[in-house]
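Here are a few exercises to work through with the model open in your viewer. Try each task before you read its solution.

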Amino acid sequence: MDALWSSIIFTLVGALIGAVITFFLTKKKFEKELKENPPINEKMIRAMFLQMGRKPSEAQIRQIMKSVNSQR
């Protein structure tokens with residue numbers, strides 16, 4: 001009976017350690033991907049304005065980037 005309980009405990013502890021390690025590795029990889037491929041950048045904003053038929057000023061682009069970054 002002792003062997004059964006110890007194997008259950010070791011299994012649960014192993015699963016818990018694996019879950020914690022997987023969480024931190026996935027979080028680190030996700031943050032790296034966001035840093036390398038930001039969701040939106042100035043070039044995308046310019047393209048969006050040009051598709052709408054407008055020529056954006058630098059002030060408009062900076063304002064939109066500031067708005068996007070403040071919502072993160």
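**Exercise 1: Surface and burial**

The chain has an accessible surface of about 6600 Å², and 66% of that belongs to carbon and sulfur atoms. Keep in mind that this is a predicted model.

Task: work out what share of the 72 residues is buried, and decide whether phenylalanine 10 is buried or exposed.

Solution. Start with the whole chain: buried residues make up 7% of the 72. Next, find phenylalanine 10, which sits in helix α1, residues 2-36. Its relative accessible area is 66%. The cut-off for exposed is over 50%, so phenylalanine 10 counts as exposed, at 66%.

**Exercise 2: Overall form**

Task: describe the order of secondary structure elements along the sequence, then decide whether the chain is a compact globule or more spread out.

Solution. First, count the elements: there are 3 helices and 0 strands. Reading along the sequence gives α-α-α. Now check the radius of gyration: it is 24 Å, while the globule rule gives 11 Å for 72 residues, so the chain is more spread out than a compact globule. For the dimensions, the C-alpha trace spans about 75 × 20 × 15 Å along its principal axes. As one distance to try in your viewer, take the C-alpha atoms of phenylalanine 10 and isoleucine 61: they are 51 residues apart along the chain and separated by 56 Å.

**Exercise 3: Charges and salt bridges**

Task: count the charged side chains, then find which residues form salt bridges with lysine 32 and arginine 46.

Solution. Begin with the totals: 12 positive and 6 negative side chains, with the centres of the two sets 11 Å apart. Side chains of opposite charge can pair when their charged atoms come close. Using a cut-off of 4 Å between nitrogen and oxygen, you should get 2 salt bridges.

- Lysine 32 pairs with glutamate 36, with the closest N and O atoms at 3.9 Å. Both lie in helix α1, 4 residues apart, or about one turn of the helix. Glutamate 36 is partly exposed, at 48% relative accessible area.
- Arginine 46 pairs with glutamate 58, with the closest N and O atoms at 2.6 Å. This pair links distant parts of the chain, helix α2 (residues 42-51) and helix α3, across 12 residues. Arginine 46 is partly exposed at 29% relative accessibility, and glutamate 58 is partly exposed at 41%.

**Exercise 4: Confidence**

Task: find which helix has the lowest confidence and which has the highest.

Solution. Take the chain average first: the mean pLDDT is 92, and 99% of residues reach 70 or more. Then go helix by helix: confidence is lowest in α3 (residues 58-70), with a mean of 90, and highest in α1, at 95.

Definitions and conventions. Residues are numbered from 1 along each chain as its sequence is written. This is a predicted model: local features need pLDDT of at least 70, side-chain atom pairs count only at pLDDT 80 or more; totals for chains, interfaces and linings use all residues. Side-chain values use heavy atoms; hydrogens and water are left out. Helices (H or I, at least four residues) and strands (E, at least two) are DSSP runs, numbered from the N terminus. Buried means under 20% relative accessible area, exposed over 50%, partly exposed in between (1.4 Å probe, protein chains only). The radius of gyration is taken over C-alpha atoms; the globule rule is 2.2 Å times the number of residues to the power 0.38. Accessible areas come from the Shrake-Rupley method with a 1.4 Å probe; for residues, only the protein chains shown count as cover. Lys and Arg count as positive and Asp and Glu as negative; His and the chain ends are not counted. The place of a charge is taken as NZ of Lys, CZ of Arg, CG of Asp or CD of Glu. pLDDT is the predictor's confidence in each residue, from 0 to 100. A salt bridge is a side-chain nitrogen of Lys or Arg within 4 Å of a carboxyl oxygen of Asp or Glu.
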